[in-house]
Amino acid sequence: MRTAPTHVPSTERTDHHMPPTGVARTTPLMALERVPWRDIQDSTGCAAAIPLLLGSIAWGDPETARAALADLRTRICQYGFVVEQATAATVPFLWELAQLPHVTCRAEIIQLLKSIADARQWESTAAVYPKLLNHRENPVVWEREARQAVRERRGVLRRLMAEEDTEINRATTELARTLGE
């Protein structure tokens with residue numbers, strides 16, 4: 001008598017987004033696995049969902065990409081000015097996505113980078129409430145690291161400003177002003 005096969009759980013990783021068939025992985029998201037996302041925090045807790053969101057931004061249709069970017073914004077730059085521990089690790093991927101012509105929400109990505117570069121919430125709070133600097137997890141450091149991560153890739157600004165898309169051009173010009181470029 002034959003028995004029905006038993007289900008054997010897969011050992012394949014499912015926590016990362018693969019591009020659709022026929023689309024090669026591009027440089028920015030190939031490095032996602034180098035970041036210990038499960039060990040760092042976003043506004044919801046564990047930052048493990050960030051790679052999936054970045055993948056959806058990179059390869060999703062316009063609606064999917066915008067929804068993923070909105071979720072990512074809430075996780076790494078809540079309210080447009082409160083950064084998290086995972087923000088600095090996410091910034092290089094945002095810069096890379098902003099340069100990819102097939103990404104449908106590039107101007108919005110650049111606007112998010114500007115919000116991160118402008119973030120001073122934790123520093124402002126620490127100026128009034130210095131005990132914040134004594135916490136084990138220091139959000140002032142996260143904020144500074146996030147701003148520095150945006151500045152480190154500012155060499156891309158000229159190329160983005162040269163684009164014919166007026167939304168990208170306007171967002172890039174605003175980011176350049178924020179960075180003093």
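This briefing describes the packing of two helices and the salt bridges of the structure shown above. The model is predicted. Helix 2 and helix 4 are roughly parallel to each other, and helix 4 is largely enclosed by the rest of the structure. A search of the whole structure finds 7 salt bridges, three of which are described below.

**Helix 2 and helix 4**

- Helix 2 covers residues 50-59 and helix 4 covers residues 87-99; their axes come within 11 Å and cross at roughly 5°.
- Because angles under 35 degrees count as roughly parallel, the two helices are therefore placed in that class.
- On the side of helix 2, the contact is made by Ile50, Leu54, Ile57 and Ala58, which meet Thr90, Phe93, Leu94 and Leu97 of helix 4.
- The residues of this contact comprise 7 nonpolar and 1 polar, with no charged residue among them.

**Helix 4 in its surroundings**

- Helix 4 has 13 residues, which at 1.5 Å a residue should span 18 Å; the end C-alpha atoms are 19 Å apart, in agreement with that expectation.
- Of the 13 residues in helix 4, 10 are buried, so the helix is largely enclosed by the rest of the structure.
- The buried residues of helix 4 are Thr87, Ala88, Thr90, Val91, Pro92, Phe93, Leu94, Trp95, Leu97 and Ala98.
- Thr90, Phe93, Leu94 and Leu97 are buried, and these residues also meet helix 2.

**Salt bridge between Asp42 and Arg75**

- Asp42 and Arg75 form a salt bridge in which the closest N and O atoms are 2.9 Å apart.
- This pair links distant parts of the chain, with Asp42 in strand 1 (residues 41-42) and Arg75 in helix 3 (residues 62-76), 33 residues apart.
- Asp42 and Arg75 are both buried.

**Salt bridge between Glu108 and Arg66**

- Glu108 forms a salt bridge with Arg66, and their closest N and O atoms lie 3.1 Å apart.
- Here too distant parts of the chain are linked: Glu108 belongs to helix 5 (residues 106-118) and Arg66 to helix 3, 42 residues apart.
- Arg66 has a relative accessible area of 36% and is partly exposed.

**Salt bridge between Arg106 and Glu163**

- In the salt bridge of Arg106 with Glu163, the closest N and O atoms are 2.4 Å apart.
- The two residues are 57 residues apart in the chain, Arg106 being in helix 5 and Glu163 in the loop between helix 8 (157-161) and helix 9 (166-178).
- Arg106, at 7% relative accessibility, counts as buried, whereas Glu163, at 24%, counts as partly exposed.

**Network**

- Asp42, Asp71 and Arg75 are joined into one network by salt bridges that share partners.

Conventions:
Residues numbered from 1 in each chain as written. Predicted model: local features only at pLDDT ≥ 70, side-chain atom pairs only at ≥ 80, totals over all residues. Heavy atoms only, no water. Axes fitted to C-alpha atoms, helices over the stretch in contact; angles between N-to-C directions. Helix = DSSP H or I, 4+ residues; strand = E, 2+ residues; numbered from the N terminus. Parallel < 35°, antiparallel > 145°, perpendicular 65-115°, else oblique. Contact = heavy atoms within 4.5 Å. Nonpolar A, V, L, I, M, F, W, Y, C, P; charged D, E, K, R; others polar. Expected span 1.5 Å × (residues − 1). Buried < 20%, exposed > 50% of the residue type's maximum accessible area, 1.4 Å probe, protein only. Salt bridge = Lys/Arg side-chain N within 4 Å of Asp/Glu carboxyl O.
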